[in-house]
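Here's a quick tour of one structure, taking in a ligand site and then a single leucine. Have a look at the model first, then read on.

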Amino acid sequence: MILCPKIDVPKQLEFDWVAPDKSLSHRSLIFAFLTQGVSEIENLLDSQDVRSTLEIAQLLGAKIEQRGERLLISPPHKLPAQAYLQCNNSGTTMRLFAGLLSGSRGSFTFDGDMSLRRRPMQRIRDPLEQMGALLSSSNAPFVLEGSETLRGICFHSSIASAQIKSAFILAALQANCESRYSEEELSRDHSERFLSHLGAQIIQHDKEILISPLSHPLPSYHFKIPNDPSSVIYLIVACLISHQMEIRISEVLLNPTRIQAFEILKQMGAYLSYEITLDGVEPIGVVYARSSELQAIEISSSISWLIDEIPALCIALACAKGVSYIYNAQELRFKESDRIASIVSNLLALGIEAEELEDGIKIHGGEFCDGVVQSFGDHRIAMSFALAGVRNQVEIVGSECIDISFPRFFDFLKFFVSYKGWK
Ligand code: S3P
């Protein structure tokens, strides 16, 4: 797709629907397997990653019925003894289902696309095998042999990852005694919030979480999915780097472990504010932003709270005054692409001076020039570099991967740029 600046744009934008949260969409489907009865999910994200989870849920015997905006899901009475689970591009699907199925007697083959096959699975293999499951390899495709007699264990993860933690929790809920989990830095806490809200004994104790096995199935639930801060960030950055724009987005998930990028933008001088309007299982609220002059910054802490937003933040850093640094972000190398390499390569292609660091990126703020960038098959790289089209003409090769998390992205971006056609 080729994007170039538009002259006549509305100056104030207001949205109450952008894209439902991807992490919560996956969890609201997978956690139904621990319940009894029919659960109701409102506003499930309809994207390729979530469809992968939905298809696997059905293949494993869950009953799914779509009723308008609501999706009804009932868990299977019995899981199959064997299944081939195609997770496509979705790491969350693979890691969370691996945790869930570790507690079932059966043989489950997990597979993914080329990107997911490259991503590390040893990080879930270690704890799940210590509990009694068996994984045939540290990369997909692998066969998981589940066990109905999982052991409760203590595990420390040197990587702050909600996918490892959630896989662990799902297995630990099916173990024979209490388990303990700790991580280097708290990762997103949706699983703990959601499951303990349903009555699971998951208790945060200092830096550890204590997980008691379920003594009976959890109750069914009704859950409405708010807008995804990891998608909303693209509209915010587009607004900040535009000329005299304002944007207000409501119904946004404002969980503190997900909005560190908003805090960074504020520290960079962005006119950006947010307010919680509903505090239930998850805090939800309104975000407001206005075009701003941005200053360079050094980012080195709470990285797991902004890991998915770093590609979009890099566009803001490229437009900021001064030299910015991102450190301690080596996890970027294990995402849908090696995001450190993808970001630097695309910034250079658009005339921005940038350098790969082993665990991060150095960016000299400047002016984008027109150019061609690659998506590297990575949805967040494609969307982030589409933002450069707010200021210049950009051609994105391989933008179809945007469907993985934010299918209507270009409908929103068109308020900031005009289209010149598909590539
Ligand atoms: C996710 C956790 C994060 C994030 C991913 C979604 C989740 O990955 O990058 O997009 O839903 O649990 P890690 O937990 O591997 O850091």
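## Where the ligand sits

Keep in mind that this is a predicted model. The ligand lies between two domains, because domain 1 (2-20 + 227-413) and domain 2 (22-223) both give residues to the shell around it.

That shell is made up of S23, R27, T92, R95, S161, A162, Q163, R188, I307, D308 and K335. Sort them by class and you get 2 nonpolar, 4 polar and 5 charged residues.

## What holds on to its oxygens

Let's go through the polar contacts. On the side-chain front, an N or O atom of R27 comes within 2.7 Å of a ligand oxygen, and for S161 the side-chain distance to a ligand oxygen is 2.9 Å. A162 joins in with its backbone instead: an N or O atom there is 2.8 Å from an oxygen of the ligand.

How much of the ligand's accessible area does the protein cover? On its own the ligand has 380 Å², and 95% of that is covered. Helping to build the shell, with two or more residues each, are α1 (22-30), α3 (91-101) and α6 (162-172).

## Over to L235

Now for the leucine. L235 is part of helix α8, which runs over residues 229-240. Is L235 buried or exposed? Its relative accessibility is 0%, so L235 counts as buried.

So who are its partners? Beyond its neighbours within four places in sequence, L235 touches F15, V18, I247, I249, F412 and F416. As for R248, the C-alpha atoms of L235 and R248 are 9.8 Å apart, with the two positions 13 residues apart in sequence numbering.

Definitions and conventions: Residues are numbered from 1 along each chain as its sequence is written. This is a predicted model: local features need pLDDT of at least 70, side-chain atom pairs count only at pLDDT 80 or more; totals for chains, interfaces and linings use all residues. Side-chain values use heavy atoms; hydrogens and water are left out. Helices (H or I, at least four residues) and strands (E, at least two) are DSSP runs, numbered from the N terminus. Buried means under 20% relative accessible area, exposed over 50%, partly exposed in between (1.4 Å probe, protein chains only). Contact means heavy atoms within 4.5 Å. A residue is near a molecule or strand if one of its heavy atoms lies within 4 Å of it. A polar contact is a pair of N or O atoms within 3.5 Å; within protein, one must be able to donate a hydrogen and the other to accept it, and residues adjacent in sequence count only if both atoms are side-chain atoms. Accessible areas come from the Shrake-Rupley method with a 1.4 Å probe; for residues, only the protein chains shown count as cover. Ala, Val, Leu, Ile, Met, Phe, Trp, Tyr, Cys and Pro count as nonpolar, Asp, Glu, Lys and Arg as charged, and the others, Gly among them, as polar. Domain bounds come from an automatic or database domain assignment.
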